[in-house]
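Please walk through this structure with the text beside you. Keep the sequence and the 3D view open.

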Amino acid sequence: MEKSGSMDSLGSKQSSSRHPSVDSLSSSERSAQVKPSSAMLSETATSAEFSPEIRVKAKIHAKVLRDSDKEEPQLLPNEVVQDMAQDITYFCPFTGAVRGILTVSNYRLFFKCMDREPSFVLDLPLGVVSRVEKIGSASSRGDVSYGLVCKDMRNLRFAHKQLDDTLRKSIFEVLMKFAFPVSNGLQIFAFQYGQVFPENGWKVYDAVSEYKRQGIPNESWRITKVNDHYELCDTYPSTMAVPVNIPDEELKRIAAFRAKGRIPVLSWIHPESQATVTRCSQPMVGVNGKRSKEDEKYLQAIMDANAQSHKLFIFDARPSVNAAANKMKGGGYESEDAYQNAELVFLDIHNIHVMRESLRKLKDIVYPNIEDSHWLSNLESTHWLEHIKLILAGALRIADKVESGKTSVVVHCSDGWDRTAQLTSLAMLMLDAYYRTIRGFQVLLEKEWLSFGHRFQLRIGHGDKNHTDADRSPVFIQFVDCVWQLTRQFPAAFEFNEYFLVTILDHLYSCLFGTFLCNSEQQRVKEEIPKRTVSLWSYINSQLEEFTNPLYVNFSNHVLFPVVSLRHLELWVGYYIRWNPRMRPQEPVHQRHKELLAKRAELQKRVDELQREVTNRSASSSSERAGSPTRSITPVQTFV
Amino acid sequence: MRDEEPDMPRARKKERMLNQSRMSARGGDVFGLRCLPGECVLQRAVMVRKKLTAREGRGWLSGTLFCTQFRVAFVPQDAPKADDNAETILLGDHDIALASIEKVVVVGPNRTKLVSPNTWLKFTPEELVLYCRDLRVICFLFDRLTPDAQVIEITHTIAKTYQPLKPGAMLSFQNAALGSVEMKQFLSNRRRDAHMNWHETAAEWERELERCSATGWRVSSVNDRFEMSTSLPRFIVVPQKVLDTELKKSFAHFNDGRIPRWCWRHPRGSDLLRMASFQNNIYHEKDDIRHLELILFGCHSSVCVVVELGEELPSPADIQLAHGRLRALCLGDISTSVTVPDDKWLSTLEATRWLDYTRWCLKKASEVACLLRSGHMTVALQEAEDRDMSCLVSSLVQVMCDPHCRSRLGFQSLVQKEWVAAGHRFYSRTNFHRENDKEEAPVFLLFLDCVRQLWSQYPARFQLTDDFLLALHDSAHLPLFSTFLANSQRERCRRTQNVGQCYTPVSGWREPLHPDSSLESPDPPLPPVWDWSLQYCEQRQAAFTQPVAQTPAPAPLLNGNLNSQLDARRPSDAIPGSVFLLSRGVFSCPVNLLPWRGGSAGGSISGVYRKSHRRAPSCESVPGLERLLKALSLAETPVKPELDPYEPLLPLLMGPCVGLWRECYHRGALHAQAFSHPLSANHRHPLELLAGEVRRLQEQLAQQHPADDSRSAHDANLNHNANNSSSFLFSGSPGAAAIATPAPASGQAPKENANKHTFLSGHASDTRPGRANSKLTKSDAS
């Protein structure tokens, strides 16, 4: 890296000078902070990394607190240091090897090198570690080298001297134990973390009130308690909305016809046209083309619930070949003969294995080095953006059918918890401005992803050392990427900023919060997650200003139709390539946005003052233009 | 509307008169098209819908479509009635100049057809698509209510009138726009923007020297009559130490007489020079050598780095090829509407190499910027002809290093200095006349793209916006501006002044640009592109600069002190210093870098050479220089950019950091969906609305307490000559008199947002003429 006189090295002066050490996130800021909420910000190296001004602040603090600064991290409540080792070398792919002190706690890995100015800090939650491998045997110099493969698009390499005392465990063996608590019979740190926040994030989502917000129950839809004890379907929530005229008994028979018992249930209803988005799993058609009268009647009932249209669209997220292949395993898709008035559309989105492979390829081309001259063709060969495009295009078709066609849609893939969740939640994001607010987005995740059983535990593999598990897949990351693409196309339509999305992804892995633990609502209830852990939303909602998009305008009734052509999609550099110091934004955009907010507040004040003046004057001198002040009194947003 | 039209073919005149009478029978201005003097409507179609791009908010806008002999105009149905007090605008927001149309395509039921002047349509088009040279694609949809006759007629009219450019067509286009007596008068009355430096007079060059605190340099008028070099400007900046008589002998040593000339001084004292390649087969006299050394080393006798621009940068032919591929990629195959499949988009984009070329240029400019930053040296850009890449690199370096060049006026001055005055062959490179396709190369567009890349990485460090860059990009495709219609200052002089006034040396004489033009009426006077009011309304011009005030520009005298330090270590004039060649990121000192120092000549050259040889054991200095470049790649002591405003803006050039200029190349919108949605990326933001509202309230307040009218009117006159002359223009033509009578109410209808930037940045210069509010804004702001 150092001797590359090539083009990529050109810009780095500027960037690296501002962000002196690559993974720097000096812990000193943490020690300076008393408030738990802001200290939290730098808890994970990743989240604080992201925002430049925090880094700047950290640097300033670092100067002041250099003397008092310890080699140890500021520990979280109930975090315990497990091991500490001197003379560890960290091979930074960007700035070269550094020697320092490594600390491992039950939550994090903390590496600090004091020799550099400013000091070099690496602080990551153990949850992001996907694999620890010993690289090679003891070399001639007696060094032992370890590689850490991380889930968040980076790899770390450390080395230490061969230990003289053969009985002593290497610090990396300690690390392995705590990085994979589930495999080692330990508890995930979220269960120990005892931070108290002013907000309780577990109260963000309540199924009944969310249905009520949508106007459910109404004359066509009812809320059923048939799954109260998760007997109908163990991956569905206890509260679901179904058509009024289908009794609970029939639901059970339909459950038998749908894979994993995941019957069609309501995700979203259009407030005006009553067109609905419903989700389910594939029908158990099989090679023999089995049919279910109840299921057919059920879909008819969904269609009938919407008086505007006499058609029902069934969106099968899979490529048609895959859907057909599923017949061999007893699954399949709805035949248009059996389901009259229904039209089946395949959305060509590939399965979790393809997505995993695509992200792996992406990691290969972005970390640590990027080849400039073939960057675009390399990116193309990962197909990552193409997958993003297909997902967005699918969601767009759903949103368009519901909004413009006033037609109800049924969405499913094979099991209805991966691609289906992506599609319904993205479509809802396009259709309903509520989900574009910070709280609304939390509700969306809680509802479409968590309560409807996206298998986070399996897909992420929290605390599990089995990194080759075929169930792991970046389905949720893909969804967040799609959301980011939407925010790029509609920068004023979302209340949250990029930092919010990155924070969610960071804590998807960190295992600090209970939000993304377990596979289903049933498991979460069983594990008493809300009682025993802290919700990510507690943390976020306690410091909303960090996550607010200053450009946000509340266009409550607008539907977003993004352009899904690959020409208009971008790679999310701020997430996938954020570890590369040469990719850091040249300017603190975050900061600039805050200044804009201030400017806006100032202007608003000015408007108010002038308004008062005008009203006073027009009261005294009856001008013929007296009408206009009243018009301008209306808040600015309304006549956008 | 005027009746006389001097240079229109008779047949068309007849046709036009016919139309005109038809129009006037219905009331000519009812349709709301405000014609230029002499412009008349050839054809019109009602109930047409224009497809809006993502930038305009997507969706459709319905209105009336016109074709005149100068433009295709579209007037939206609910457009505010033409405001006669408004500036003269050649092209409205929805208008397309005929000269910028590249292809006309109609879409009928199940078919698409490219329309040429001879095409006879066998079907009634449903859609009319105009592909423009500046990469816009404009799409009009004919309603079922549009009379079929109108649809076919207007399509034919457009196809017949737009014509692929050739000398005659361009001239008639220029005449249609600017040829009328009123227009000529109007243009000749327009004053040049005195806030920018045009780099045309000696005084202006002096001003630039002063701005850069470039001591040790002087403005020489040795080329005043273009005797020394036909492509150099009349005034050039050379070292003070060199007399004009000495200077004269040096021209022969450089290709086309383009000797090393000063461009810019970095505040830390380094000077940026540019020159053409050496004439090698020439005998170097002893005295000549002394002068050449002096000219090349300028004020820094110790170190001179020659940056060779011939390698590592694309050639004009490469640029042309890349741009052609990019156009094809972004617009698709026009006649067949075949586009590159989405899944091949990225690799096809890469294969155009356009992004590579922008990266190369930015890299080269960054290297030069880093050299300049170190101070105490002369950096001379050398290119064989010194008229393409050296324009690009020298101006890019200045954009990176000099905050002044990132303001709109500073940027315009920069383009004047490094492109227009320096003799970039705009005329040949743009190839409007299709005379010489080999010469065509959009070097200037590549430069704009490079600036856009920098801008996108450091938006807050620029006062100008990408809207400005886009406007300049589009204007460069319009054959109306003197800026882009000549190859050198000499040609421009010949055009603007009377030919007789310009001395023409026997050797450098070239045929007039348009041999046929002299037979007809004299060419209309061409305005410079910087006269933005000719093209853009105030509201759109307001978007050329950032709304929020930037960090105040630093005091320009920062450099004075730094210079003085250097003077102390300057060796005596007689001793030449070391020369290095920077090529492929490596420094070297080849023996024959300066031909007069070459080994073979060594015998004939006395002490000067040997001394220089002694002083140039450059191997030890090379590492020092390389460290300067290395500073690019390694972390140094963090310099807060706020502390040193001259710290160059070095772009990130890794693959993901260099992107396509979507706002420009993606306007084609072929693939964009027609979903109507008001909330696009460029939707007006509450902040702007607030600013507009503040303004409106201020206006209301102004009406509440009437100001001293005579004084404010005076203010407006002073500031806004242009407005007055424009209304003068219209009062001259009889037909327009009725329209030109100012409707008192119309000016008061507050155009929100029109001046938001001036409001926000604190200095009020309301450009609305004759209104009390301009005074009020001023008093409020102060």
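The paragraphs below take up the sheets, then a helix, some unusual backbone spots and a pocket.

This is a predicted model, in which local features need pLDDT of at least 70, side-chain atom pairs count only at pLDDT 80 or more, and totals for chains, interfaces and linings use all residues. Residues are numbered from 1 along each chain as its sequence is written, chains are lettered from A and ligands numbered from 1 in the order in which they are written, and side-chain values use heavy atoms, with hydrogens and water left out.

Start with chain A. Five of its strands form an open, mixed sheet, in the order β10-β11-β14-β12-β13. Here helices (H or I, at least four residues) and strands (E, at least two) are DSSP runs, numbered from the N terminus. Two strands pair if DSSP finds at least two bridges between them. The edges are β10 (265–269) and β13 (342–346) of chain A, each paired on one side only. On average, neighbouring strands of this sheet are turned by 25° against each other, direction ignored. The angles are taken between axes, which are lines fitted to C-alpha atoms (for helices over the stretch in contact), and run from 0 to 180 degrees between N-to-C directions. Inside the sheet, β12 (312–316) and β14 (408–412) of chain A run parallel, joined by five bridges. One bridge partner pair is A:L312 with A:S408 of β14(A).

Chain B has an open sheet of six strands, again with mixed pairing. Its order is β11-β12-β14-β13-β15-β16. The edge strands are β11 (261–265) and β16 (586–588) of chain B. At one end, β15 (578–583) and β16 of chain B pair in the antiparallel sense over three bridges. B:S583 has B:V586 in β16(B) as its bridge partner.

Next comes helix α5 (202–211) of chain B. Its buried residues (under 20% relative accessible area, against over 50% for exposed and in between for partly exposed, with a 1.4 Å probe and protein chains only) are B:E204, B:W205, B:E208 and B:L209. They share one side of α5(B), because they cover an arc of only 145° around the axis. That arc is taken from the directions from the helix axis to the C-beta atoms. The face turned away from the buried side carries exposed B:A203 and B:E210.

Now the backbone. Most residues other than glycine have a negative phi, and most peptide bonds are trans. A cis bond joins A:I216 and A:P217, with omega about 0°. A:P217 lies in the loop between α7 (207–213) and β8 (221–224) of chain A. The bond from A:Y367 to A:P368 is also cis, with omega near -5°. Two residues other than glycine have a positive phi: A:N78, at about 70°, and A:Y230, near 55°. A:N78 is partly exposed, at 47% relative accessible area, whereas A:Y230 is buried, at 12%.

Finish at the second largest pocket, with a volume of about 660 Å³. On a 1 Å grid over the protein atoms alone, a pocket is an open set of points where a 1.4 Å probe fits, with protein on both sides within 12 Å along at least five of seven lines; lining residues have an atom within 4 Å of a point. Grid points are joined across faces, edges and corners, and the volume is the space filled by probe spheres set on them. The lining has 24 residues, and A:S130, A:C150, A:R356, A:R360 and A:H467 lie nearest the centre. α11(A) gives the most, with six residues.
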